[in-house]
Amino acid sequence: MAEINPKLAGLILCVLVVQTTLTVILLRYSLTLHSAQPYLGSALVLANECLKYVMAIVLLLFQQGLSVHRSLRVFVDEVVRKPRETLLLSVPAMLYTVQNNLLIVALKNLDAATFQVTYQLKILTTAVFSVILLNRKLNSRQWISLVLLTGGVALVQMPAANQQNNDDADSEKLNETQDSIFSDSNTSAGRFVQDHWIGLVAVLISCFSSGFAGVFYEKQLKSSAQPSIVLRNLQLGVFSVLLAGLTVIQQDFRFVQEKGLFHGFTPLVWTIVVVQAVGGLVVAATIKYADNILKGFATSISIILSSIMSWLVLGDLQPAGYFVPGTCIVLISTVLYSFPVQKEMHGGKDKILG
């Protein structure tokens, strides 16, 4: 692996931290505290996928020297004329669409800090699916970090779970408003009604979806002769945009007919769309120019910043009970898992060191 430029790695770290933190905080704020009219989560996902696809097309143009003719020819050859490869990517596209919609449900029902900590379970699901689908070997340190991660997330849930058991009235009120996850009736007298268990289930399903989709996508990348991530993203984006559009039609067609697709899209919401779309480029830059250690540190810093902002800015987090020790365990396990596996030669065989 080529040596990482420290300045470039530092820049990517800062951008990744800001992007991750802003996405969670702004989404939480727009869904629960923003005074503007509610918007459709499915429309947000669709707008995000469309913008990401446009950005991928722009990147393809730059790769081809801003030649529209060459770019179109490459697109036809690598996307249209390879239906089997393109069709295989409908699997992760469907899972990512489900995941993105569920994350919005999760952030409606969990504070930003609890969401960030719990969502780190995707490290566990990704690791398990990597072992199953890619025959990847994990060392003892990584397995220990995964156990710690699970325990830390469980600790974080305990205070909210105990509080939720004594809050049945709010749960019943929320269950009456499930026709739309952004129904105006979810806000009563200026106070947002949320259900911790709905948010928790949404995050857990998203973690499994994210883990399987990511590993499946990685497997397709490694088994294909196509080296360009941009072209792979164009193949993936075809189904992502299509499935996001179908989700809008299936879930919110009546709402769109009455009020329009982008009803409630304020400058804040459009900012979220842009920040989420940029996140895809940031992740690609992390893969190409950085490593898992940097990503692990970025995740940890983002969790800390999200917790502080959720507590001091949004005012929806009361860090009591097991939240602080649970979060610390998650932070440690995230960084611990991110360190690379070292190999030494002993008697002509590689030995994996923990």
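Start with the whole protein chain in view: it has 14 helices and 4 strands. Keep in mind that this is a predicted model. Of the chain's 354 residues, 45% count as buried. Now think about how the chain folds back on itself: among contacts between residues at least 6 apart in sequence, 83% join residues at least 24 apart.

**Stop 1: helix α10**

Select residues 196-223, which form helix α10. How far apart are the end C-alpha atoms of this helix? They are 41 Å apart, and this agrees with the 40 Å that 28 residues should span at 1.5 Å a residue. Next, add D195 and W197 to your selection and look at the N-terminal end of α10. D195 caps that end, with a side-chain oxygen 3.0 Å from the backbone nitrogen of W197.

**Stop 2: helices α5 and α6**

Now select residues 90-109 for helix α5 and residues 112-119 for helix α6. These two helices pack at an angle of about 140 degrees, and their axes are 10 Å apart. Why is the pair called oblique? Angles over 145 degrees would count as roughly antiparallel and 65 to 115 as roughly perpendicular, so α5 is oblique to α6.

Show the side chains where the helices touch. On the α5 side you will find Q99, L103, A106 and L107, and they meet A112, F115 and Y119 of α6. Which classes of residue make up this contact? There are 6 nonpolar residues, 1 polar residue and no charged ones.

**Stop 3: S310 in helix α13**

Select residues 292-314 to see helix α13, then pick out S310 within this helix. Is S310 buried or exposed? Its relative accessibility is 0%, so S310 counts as buried. Leaving aside neighbours within four places in sequence, S310 is in contact with I25, D111, A112, A113, G315, D316 and L317. You have already met A112, one of the α6 residues that α5 touches. Try a distance, too: from S310 to T114, C-alpha to C-alpha, is 9.2 Å in space, although the two are 196 residues apart in sequence.

**Stop 4: N48 in helix α2**

For the last stop, select residues 41-63, helix α2, and find N48 there. With a relative accessibility of 5%, N48 counts as buried, because the cut-off for buried is under 20%. Which residues does N48 touch, leaving aside its neighbours within four places in sequence? Show V273, Q276 and A277 alongside N48, and you will have its contact partners on screen.

Notes. Residues are numbered from 1 along each chain as its sequence is written. This is a predicted model: local features need pLDDT of at least 70, side-chain atom pairs count only at pLDDT 80 or more; totals for chains, interfaces and linings use all residues. Side-chain values use heavy atoms; hydrogens and water are left out. The expected span of a helix is 1.5 Å times one less than its number of residues. A polar contact is a pair of N or O atoms within 3.5 Å; within protein, one must be able to donate a hydrogen and the other to accept it, and residues adjacent in sequence count only if both atoms are side-chain atoms. Axes are lines fitted to C-alpha atoms, for helices over the stretch in contact, and angles run from 0 to 180 degrees between N-to-C directions. Angles under 35 degrees count as roughly parallel, over 145 as roughly antiparallel, 65 to 115 as roughly perpendicular and the rest as oblique. Contact means heavy atoms within 4.5 Å. Ala, Val, Leu, Ile, Met, Phe, Trp, Tyr, Cys and Pro count as nonpolar, Asp, Glu, Lys and Arg as charged, and the others, Gly among them, as polar. Buried means under 20% relative accessible area, exposed over 50%, partly exposed in between (1.4 Å probe, protein chains only).
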